[in-house]
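Thank you all for coming; I would like to take a few minutes to walk through one structure with you. Please have a look at the sequence and the model before I begin.

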Amino acid sequence: RYSLFYNHLKNIEESEGGLDKFTKSYKTFGVNQLADGGIYCKEWAPGAEAVFLAGDFNGWNPFSHPYKKLEYGKWELFIPPQDGHSPVPHGSKLKVVIRAQNGALLYRISPWARYVVRDEDKVNYDWVHWNPPQSYIHKNPSPKRLKSLRIYESHVGIASPEGKVASYKNFTYNVLPRIKDLGYNCVQLMAIMEHAYYASFGYQITSFFAASSRYGTPDDLKEMIDVAHSMGITVLLDVVHSHASKNSEDGLNQFDGTDSCFFHSGYRGNHQLWDSRLFDYANWEVLRFLLSNLRMWIEDYRFDGFRFDGVTSMLYHHHGIGTGFSGDYNEYFGLHVDEDALCYLMLANHMINTLHPECITIAEDVSGMPALCRPVAEGGGGFDYRLAMAIPDKWIQIIKELKDEDWNMGNIVHTLTNRRHEEKYIAYAESHDQALVGDKTLAFRLMDAEMYTNMSVLMPLTPVIDRGIQLHKMIRLITHALGGESYLNFMGNEFGHPEWLDFPRIGNNESYHYARRQFNLTEDDLLRYKFLNAFDRDMNKLEERFGWLASPQAYVSEKHESNKVIAFERAGLIFIFNFHPYQSYVDYRVGNWHSSLTVAFKYKILLDSDAGEYGGHQRLDHNTEYFSEEYPHNYRPNSIMV
């Protein structure tokens, strides 16, 4: 794999003048404004017989501005300035006109288009030339690379209690301060790359270089990222390079009239479950397109890194469909692995690490491909983190299938600690996947219909709501502290957002009722959502203070099945969880370790899920001091009584 990567890198150096020049192609392809006022256009359309540019600027004459054919399927066009001004004004609509091999004229949006919009009375998007007289100027530097990542997974369009598509401006001034207050230091943005179908959750990309216009302008997004940086918040883009929308009128599909432009032709170029097109990662121009795409998002918008979606689909020719992964190495090495896709990921991470070493990359891989998060120089994939995707599945299985007294402490600990020690994992109890219609969030699984009637503090605390609130806090804390080297939460889930997430579509009469986040629920003092919100905030603030995510893996000293107790140490803290449904304990001995045997270590409670401000029963005295003594317990040299 490293040999394949190295050969690609060597070819880029020899034929393209280096990785830097190769990945700057976003500045030359598409339609670009020159310093003298002229316009330079460049496209890759190997299957085209001829290429033209048409638009408002030439009265939509499809033949007045022909491109010149270059080598390797490339085409270019230069339009001189008119009286020192651009011949293509800012805001004018454009189309690339392709004469296909069968003689048909195809009106296409450039794959490199920076801004596309859809009029309310139209189905398809239009390409709009974006060249404002004064572009947004970033004022704040990007935050330094974080040691502990606390990620707030977000979707701009649903980030409002109102039933509408929310805006970049709304997120900037209403949501970012909330994220900062909650103690998250990183926001991961979904559905930013332009997608024609809103209900695809941003995973059916039509324009890879365009920020979605349904939320505002490119400058609005740049301002949003700049304001996040001013708060010390790192901003990651959920990038989709695993597949593309099948749209041809306003997407990449059949751009030059063939089914092999950008994608594999025939069966291999189609994803049978996602109904989308699959990139040909062995193609030189596809590599140029995708690598330049990453660089554009970093350099133009100042994104601080990426979460790569659908990595499992990329890594294997079977795309993970109907395949289980047990961890056997035969599952990761063989002819079923798409080495071209893996090589692309290595190139992408190498480029990012070389040109922008402060950036972070995350792999969404369910298969557990070994070394995916090891350096490329070691033959690894080069990612910084991978998602611990088994953890949310485990919590769902436990809550769905087991009675409280049947919870297996060893199984919980195994799931939370079962990871490759030299690769960093992002732990999460739930993400956007669990919030979607057809699934249930943890809060909804725990409390279900009673969330509609019994979340008011004026109502008696029912056993269902009591159990749900307590387990919601405990599940999130143990996942945060034991499950990985980073933590992720999907917006709204921190306070147990009720119901599910469903975008407007024909099946729900185009309703926005479930395509929103009711942040106002946490601001109502009469509702119990405030307890979960406060616990999540203080949990993050405690991690910020002690840095357990950046610390070595925890030492688990106890996983007691009959007592339902889990105890572990990490970052100098002792975490103790009592999952027993009805049994409390006094004078409970917990093993611990400290370096000095001559000084008695004193412990105090820092975070207590039973505290009144978190909706607990206040059964613990926070003034109590706990002293460690030289009394071995559970293979630890010292212990405390709690």
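Let me begin with D309, which, leaving out residues up to four places away in sequence, touches Y203, D238, V239, V240, S242, M314 and E364. I should say straight away that this is a predicted model, so please keep that in mind throughout. As for where D309 sits, its place is in the loop between β17, residues 305–308, and α6, residues 311–315. Is D309 buried or exposed? With a relative accessibility of 8%, D309 counts as buried, because the cut-off for buried is under 20% relative accessible area.

One of the contacts of D309 is E364, and the two also appear together in a record, since UniProt, in an unreviewed entry, places the feature "active site" at D309 and E364. These two residues are spread over 56 residues of sequence, and yet they cluster in space, with a largest C-alpha distance of 5.5 Å. Both D309 and E364 are included in the lining of the second largest pocket.

Turning to E364 itself, we find this residue in the loop between β18, residues 360–363, and β19, residues 385–387. E364 has a relative accessibility of 13% and therefore counts as buried. If we again set aside residues up to four places away in sequence, E364 touches R307, F308, D309, G310, V311, T312, L387 and M389. With R307 there is also a polar contact, side chain to side chain, at 3.4 Å.

I would now like to move to another part of the chain, namely N170, which is found in helix α3, spanning residues 168–181. At 16% relative accessibility, N170 counts as buried too. Which residues does N170 contact, leaving aside its neighbours within four places in sequence? They are A159, S160 and V175, and in the case of A159 the backbone oxygen lies 2.8 Å from a polar atom of the N170 side chain.

Finally, let me turn to I574, which lies in strand β24, made up of residues 573–578. Beyond the residues up to four places away in sequence, I574 touches F568, E569, V590, N592, Y603 and I640. The C-alpha atoms of I574 and G591 are separated by 9.2 Å, and these two residues are 17 residues apart along the chain.

If you take one picture away with you, let it be that of D309 and E364, which UniProt marks as "active site" in an unreviewed entry and which cluster in space in this model.

Methods. Residues numbered from 1 in each chain as written. Predicted model: local features only at pLDDT ≥ 70, side-chain atom pairs only at ≥ 80, totals over all residues. Heavy atoms only, no water. UniProt positions renumbered as here; feature names shortened; annotations may be inferred. 1 Å grid on protein atoms, 1.4 Å probe; cavity = no way out; pocket = protein on both sides within 12 Å on 5 of 7 lines; lining within 4 Å. Helix = DSSP H or I, 4+ residues; strand = E, 2+ residues; numbered from the N terminus. Buried < 20%, exposed > 50% of the residue type's maximum accessible area, 1.4 Å probe, protein only. Contact = heavy atoms within 4.5 Å. Polar contact = N/O pair within 3.5 Å; in protein donor to acceptor, adjacent residues only side chain to side chain.
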